[in-house]
Amino acid sequence: MKIDNYIIDQNSPVFIIAELSANHNGSIDTAIETVKAAKRAGADCIKLQTFTADTITLDSKKDDFKINQGTLWDGQYLHDLYKTTHLPWEWHKQIMEVAKTEGLICFSSPFDPTSVEFLETLDVPAYKIASFEITDIPLIELIASKGKPVIISTGIAEQEDIELALDACQRMGNKDIALLKCTSSYPAPIEEANMCMVKDLAKRYGVISGLSDHTMGSTVPVVATAMGARIIEKHFILNRGIGGADASFSMNEEEFTAMVKAVREAESAIGKVDYTLTEKQRKGRDFCRSLYVVEDIKAGEILTETNVRSVRPGFGMHPKFYNNILNKKVAVDIEKGTALHMSHIESDS
C-alpha cells in the first residue's frame, strides 16, 4: 500500500496517524496549530473527518436520534452533536496545505457521497472508512471506485460486515485495503483491546492490518506494534483543557510524542529473524563457558574430571569436547588457569 510517498508493508515503519476529529473546536486556528503539533509529536499523517450534520444524520427529535447508550454524549441529539463537531468544508484546503508544508500526509474520512466527491477535488491520497460506516456498502463502493488506498476501521463490525466491506472494495477493482482493529468505546477499556486480532486480520484477509485506538496511554499501540500493526491511529488534541466532544480520549502533544517514541522503540526491539551475531554480541561470547586446566599438569599425565573443568571465560575448547578429551595424555606441562586447546593433547597416532 502506498499513501502519497509513504509505502506501507510488512517491512516499513508503522504509519502513525493523528486523528483531528472534533478537536479543532470550531476554530481554524486551533485546527492549524493542531496540525503543526502533530508534526512535532512525530505523526506521519493528520486525518480529518468530512461531513455536515445534514449529510451524516437527520434533524429529528425522535427518540431514535437521541444518544442514550452510556457514552460521553448521552442526552444529545445526533444532529446537534454533529453540527457542533463537523469540520467546515471550506477549511479543508487550507489545513491540507499546512499539512503538506509541515511534511505530513493528510486525508479524510468521508461520510456520504457528496463528501467523497468534495475530497476528490482536493486530490486526497487515501480514504478512511469510520467504524460506524462499515455497513454502508454503497458508500464503500463509491470510495473504492476512486482507486485510492482504503483504510477501514472495524469497531462495530461482525465478521460478515468485514467480509461485505472487503467484497465491496474488490468489486470495484480495489485491493489496496487495510483493516484496523478498533474498539468503539470512548475511551475504550484496555481489557477490550483484543490485540491478537491485529495479527488475525492480516492473516485471515491478506491485508495490511493495524489499530484505531481509543484507549488511554501507549500500552495498546505498543502491543499492536508487536502484533504486526502497520498503521496506528490515535485522536490528537492540542490540550484537553480546551474541551470538546472528543477531548477526554484524545492524546495531547506530550502524550502522543511519548507514544510515538514507544512505538518506534517497540519496532526496534522486534527486529527480524536473524541467528547471526552482531560484533557486540560476538564479543560477549568471551564470557561463555570453555575448557580450562584447573590444576597444574605435567607432560604425560591424564586429563581428568579433577584437573579440567568447563568454566568462564570462553577462550578454551568448546565444552562439547569435554567427554572426548577425558583420559587423554597431555603433550606438555600445563599450568593451572590455562585455556585448554587440542595442541596440549597427545595425538592418538
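## Phe51 and its aromatic neighbours

Let's start with two rings: Phe51 and Phe111 are both buried. Keep in mind that this is a predicted model. For Phe51, the relative accessible area is 3%, under the 20% cut-off, so Phe51 counts as buried. The ring centres of Phe51 and Phe111 sit 5.3 Å apart with their planes at 80°, so this pair is edge-to-face. Distant parts of the chain meet here, since Phe51 is in the loop between E4 and H2 while Phe111 is in the loop between E5 and helix H5 (113–121), 60 residues apart.

In total, the structure holds five aromatic pairs. Another of them joins Phe51 to Tyr82: the centres are 5.7 Å apart and the planes at 75°, so that pair is edge-to-face too. Tyr82 belongs to helix H3 (residues 78–85) and Phe51 to the loop between E4 and helix H2 (53–56), so the contact ties together parts that are 31 residues apart in sequence. Tyr82 is partly exposed, with a relative accessible area of 22%. Put the three rings together and you have one aromatic cluster of Phe51, Tyr82 and Phe111.

## Strands E4 and E5

Now for the strands. E4 (residues 45–50) and E5 run parallel, and six bridges join them. If you want a spot to look at, find Lys47, which stands opposite Phe107 in E5. Strand E5 (residues 105–110) is mostly covered, with six of its six residues buried.

## A cavity inside

How many cavities of 30 Å³ or more does the structure hold? Just one, and the volume of this largest cavity is about 50 Å³. Its lining includes Lys181, Cys182, Met195, Leu211, Asp213 and Val220. By type, the lining residues divide into six nonpolar, four polar and two charged.

Strands E8 (177–182) and E9 (208–213) each supply at least two residues of that lining. E9 gives the most, with three.

## Two cysteines, no disulfide

Cys182, one of the lining residues of the cavity, brings us to the sulfurs. A search of the whole structure finds zero disulfides. For Cys182, the nearest cysteine sulfur is that of Cys196, 15 Å away. A disulfide needs the two sulfur atoms within 2.5 Å, so at 15 Å Cys182 and Cys196 do not form one.

Are these cysteines buried or exposed? Cys182 has 3% relative accessibility and counts as buried, whereas Cys196, at 46%, counts as partly exposed.

How values were computed. Residues are numbered from 1 along each chain as its sequence is written. This is a predicted model: local features need pLDDT of at least 70, side-chain atom pairs count only at pLDDT 80 or more; totals for chains, interfaces and linings use all residues. Side-chain values use heavy atoms; hydrogens and water are left out. Buried means under 20% relative accessible area, exposed over 50%, partly exposed in between (1.4 Å probe, protein chains only). Helices (H or I, at least four residues) and strands (E, at least two) are DSSP runs, numbered from the N terminus. Two strands pair if DSSP finds at least two bridges between them. On a 1 Å grid over the protein atoms alone, a cavity is a set of points where a 1.4 Å probe fits but cannot get out, and a pocket is an open set with protein on both sides within 12 Å along at least five of seven lines; lining residues have an atom within 4 Å of a point. Grid points are joined across faces, edges and corners, and a volume is the space filled by probe spheres set on the points. Ala, Val, Leu, Ile, Met, Phe, Trp, Tyr, Cys and Pro count as nonpolar, Asp, Glu, Lys and Arg as charged, and the others, Gly among them, as polar. Rings of Phe, Tyr and Trp (its six-membered ring) pair if their centres lie within 6.5 Å; planes under 30 degrees apart count as stacked, over 60 as edge-to-face and the rest as tilted.
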